[in-house]
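Subject: Structure handover

Hello,

Here is the structure I promised to pass on to you. Please open it alongside this email, and I will walk you through what turned up.

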Amino acid sequence: MNKKIEMLDNLTINKIAAGEMIEAPHSVVKELIENSIDAGASIITLEIKEGGKKYIRVSDNGIGIDEEYVEQAFMRHSTSKITSIDDLNSILSLGFRGEALASIAAVSQVEMITRTADQAHGVMIEIVGGKIEAAKKVGCPVGTTVIVKNLFFNTPARLKFMKSNSAETMKISKVITLLSLSNPGITFKYINNNEIIFTTPGNNALSQAILSVLDKDTFKNLIFLEEKGTDMKLSGYISQPNFVRGNRNLQIIYVNGRYIKNKLISEAIGEAYKEKVIINRYPVCILNLNIDPSETDINVHPSKTEIKFEKEGQVQEFIYKSIVETLEKDSVIPKLQVTEHKCREEQISEPMFISSAETGNPKEIVEDMDITEDAMINEIDEDYTKQSSFLDTLSSQYKIIGQIFNTYIILEKEQSIYLIDQHAAHERLLYNRFLKEIEDESVVSQKLVEAKVLELSNEDYILLSDNMDLFIKLGFHMEDFGINAVIIREVPMILGKPQDFSFIYEILDEMRGNDNIAGHFEDTIAKKACKKAIKAKDKLDHYEIKQLIEELHTLVPPLTCPHGRPIILTMRQYDIEKHFKRIQ
Ligand code: ADP
Ligand code: MG
């Protein structure tokens with residue numbers, strides 16, 4: 001039997017297309033605001049309720065849509081922005097596919113009110129699940145308002161995929177943040193559940209827009225950048241190398257005002273800051289690259305955040321150079337703690353003998369090795385038994401020979417010598433200690449003399465509010481302090497040092513985009529411990545070495561740092577003597 005082949009009806013086509021383009025409320029927000037920007041608006045208001053799932057409103061004072069084209073605007077592939085394929089090469093508007101309104105209307109209840117300057121009245125149109133329910137003349141100001149209610153009401157599968165209200169709100173906040181930063185000439189008003197989250201001044205000053213949407217702390221650490229190349233221009237702000245975040249979330253790049261993600265550019269930024277920031281830390285930047293649109297291809301993905309460059313190498317080189325030169329001009333060299341280092345160097349280390357005699361049964365640490373030249377140095381890494389015996393013997397008698405390369409402690413113990421990576425060892429100890437404190441809810445906090453109000457970006461604020469309990473458990477005693485702010489009264493003491501607020505940012509960055517916060521939490525602490533640990537190259541005095549060794553024996557194998565690097569290297573006397581041919 002032949003199956004009948006039929007054309008899908010428009011409603012079905014639009015619903016399928018919506019699946020690709022409209023992923024969640026934030027996609028609706030992005031499309032609607034981009035339309036407002038394309039319409040030349042100078043004031044754009046976004047209002048959302050319940051994470052945008054129930055209600056999204058975007059109002060603008062742009063050119064509006066002529067009465068006779070209102071219905072057409074909701075048809076698939078209808079756009080006023082390009083007329084032929086050739087226009088794609090010079091595209092500067094944000095939209096051009098003519099799909100957004102059709103897609104949104106297919107999967108929600110949409111109402112649009114719009115008027116152009118040369119019409120005396122406006123039009124109101126209501127579309128439910130792609131079907132026009134009502135259209136009438138109304139009185140309204142010039143511009144367009146689109147209200148989207150009950151997104152995905154007719155696509156249950158999509159509905160199920162939506163995240164919590166705050167998770168969806170965070171994504172929307174990110175969308176409007178990105179659009180506000182690329183359009184400092186537009187006033188953006190953002191309202192969530194009847195509260196004004198931010199308003200940007202729209203006075204063309206990027207610095208003012210940054211100040212309105214990001215936190216003050218970030219702003220204070222930014223350097224202005226403006227560099228011209230032969231046929232490219234880069235402008236915006238980059239952070240001083242000592243101001244970093246835990247991920248690339250705040251590396252915001254635009255190409256001709258369009259937010260993009262591009263590996264080449266990320267690499268160029270990373271390269272420019274190389275050796276100035278520590279590994280796995282990312283400087284902040286808000287940069288716009290102006291380039292001839294015909295040398296780019298933005299049409300690689302419907303969500304349009306990817307971009308291809310015709311002259312990839314040149315773009316990468318230009319961005320790299322611009323950042324390096326700006327950093328040089330600013331002559332911001334990460335502040336080395338010179339004073340602290342000097343203090344340590346004054347402490348002269350001499351070999352110190354702890355044990356009076358070699359008592360007890362000497363234990364063979366490595367018993368069953370084939371002796372070869374290469375096996376002379378045996379890394380105690382995975383072998384738990386050997387590590388346990390090291391720990392056992394450690395608790396008895398040992399001799400500290402000293403420290404080499406300001407990094408490794410040398411111990412003599414029975415028939416072996418041990419090299420201990422002090423940094424890795426310390427890191428492991430701190431990690432264990434702090435983890436236990438968190439588990440026991442016994443993190444010591446210190447009351448601040450003056451409570452500190454921490455202003456955050458809306459995304460960070462939502463994340464923090466949602467996880468307030470966790471922060472309290474960590475020793476940060478804080479309360480909500482109105483929109484985008486918390487007041488901190490107590491901070492945790494880690495190793496006797498009160499923590500600063502950068503710890504909060506680090507944890508937030510770690511949590512971001514991670515549903516499984518609990519699983520990642522330990523890692524955050526490990527990283528934190530890492531930072532607090534003695535840096536390799538720091539010279540330790542004997543008292544410090546002794547303390548470290550004493551504490552090491554409280555560990556259970558594996559003897560690795562929280563990141564898996566080994567702590568101890570062993571050399572047996574037997575192997576050494578064998579090497580020098582003293583024994584056979
Ligand atoms: P695209 O933006 O890709 O052209 P859309 O489906 O988003 O496609 O919009 C279709 C058309 O509707 C646009 O090309 C534009 O002419 C009109 N339009 C949509 N939103 C607005 C708005 N806020 N102001 C003026 N015109 C609009
Ligand atoms: Mg559009």
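Let me begin with Leu-456, which counts as buried because its relative accessibility is 4%, and buried means under 20%. Leu-456 sits in the loop that connects strand E22 (445–455) to helix H14 (458–466). Leaving aside neighbours within four places in sequence, its contacts are Asp-215, Tyr-461, Leu-464, Asn-484, Val-486, Tyr-505 and Leu-508. Val-486 is 30 residues from Leu-456 along the chain, and the C-alpha atoms of the two are 8.2 Å apart. Please keep in mind throughout that this is a predicted model.

Now the chain as a whole. There are 19 helices and 26 strands in it. Of its 584 residues, 49% are buried. If you take the contacts between residues at least 6 apart in sequence, 70% of them join residues at least 24 apart. The exposed area of the chain comes to about 29,400 Å², with carbon and sulfur atoms supplying 51% of that.

The open sheet

One part that I would look at with you is a sheet of five strands. It is open, its pairing is mixed, and the strand order is E9-E10-E15-E12-E13. Strand E9 (222–228) and strand E13 (258–260) are the edges, each pairing on one side only. Ignoring direction, neighbouring strands in this sheet are turned by 20° against each other on average.

Inside the sheet, strand E12 (residues 251–255) and strand E15 (residues 285–291) run parallel and are joined by five bridges. If you want a landmark for this pair, Tyr-254 stands opposite Asn-288 in E15. Helix H7 (residues 206–213) packs on the sheet, where it touches E9, strand E10 (232–239) and E15. The direction of H7 makes about 40° with that of E10. Helix H10 (residues 312–329) also lies across E9, E10 and E15, and runs at about 130° to E9.

What about the loop between helix H9 (263–272) and strand E14 (282–283): which residue there is worth a look? I picked Lys-274, which lies in that loop. Lys-274 counts as partly exposed because its relative accessibility is 49%, and only values over 50% are called exposed. Its C-alpha atom is separated by 9.8 Å from that of Val-324, a residue 50 places away along the chain.

Glu-47 and Asn-194

These two belong together. Glu-47 is part of strand E1 (residues 43–49), and it counts as buried, with 10% relative accessibility. Not counting residues up to four places away in sequence, Glu-47 touches Tyr-55, Ile-56, Arg-57, Ile-191 and Asn-194.

Asn-194, one of those contacts, is in the loop between strand E7 (187–192) and strand E8 (195–199). Is Asn-194 buried or exposed? With a relative accessible area of 62%, Asn-194 is exposed. Its backbone deserves a glance too: phi is positive at about 70°, although Asn-194 is not a glycine.

Asn-406 likewise has a positive phi, near 50°, and is a residue other than glycine. You will find Asn-406 in the loop between strand E19 (399–404) and strand E20 (408–413). Asn-406 is at 19% relative accessibility, so it counts as buried, the cut-off being under 20%.

Helix H6 and the cysteines

How does the length of helix H6 (residues 165–182) compare with what its 18 residues should span? At 1.5 Å a residue the expected span is 26 Å, and the end C-alpha atoms are 26 Å apart, which agrees. Of the 18 residues of H6, 15 are buried, so the helix is largely enclosed by the rest of the structure.

Finally, the cysteines. The structure holds zero disulfides. Cys-140 is buried, with a relative accessible area of 17%. Cys-285 is buried as well, and its relative accessible area is 1%.

That is the tour. I am happy to go through any of it with you.

Best wishes

Note on methods: Residues numbered from 1 in each chain as written. Chains lettered and ligands numbered in written order. Predicted model: local features only at pLDDT ≥ 70, side-chain atom pairs only at ≥ 80, totals over all residues. Heavy atoms only, no water. Pairing = 2+ DSSP bridges. Helix = DSSP H or I, 4+ residues; strand = E, 2+ residues; numbered from the N terminus. Axes fitted to C-alpha atoms, helices over the stretch in contact; angles between N-to-C directions. Contact = heavy atoms within 4.5 Å. Buried < 20%, exposed > 50% of the residue type's maximum accessible area, 1.4 Å probe, protein only. Areas by Shrake-Rupley, 256 points an atom, 1.4 Å probe, with all protein chains shown as cover. Expected span 1.5 Å × (residues − 1). Disulfide = S-S within 2.5 Å.
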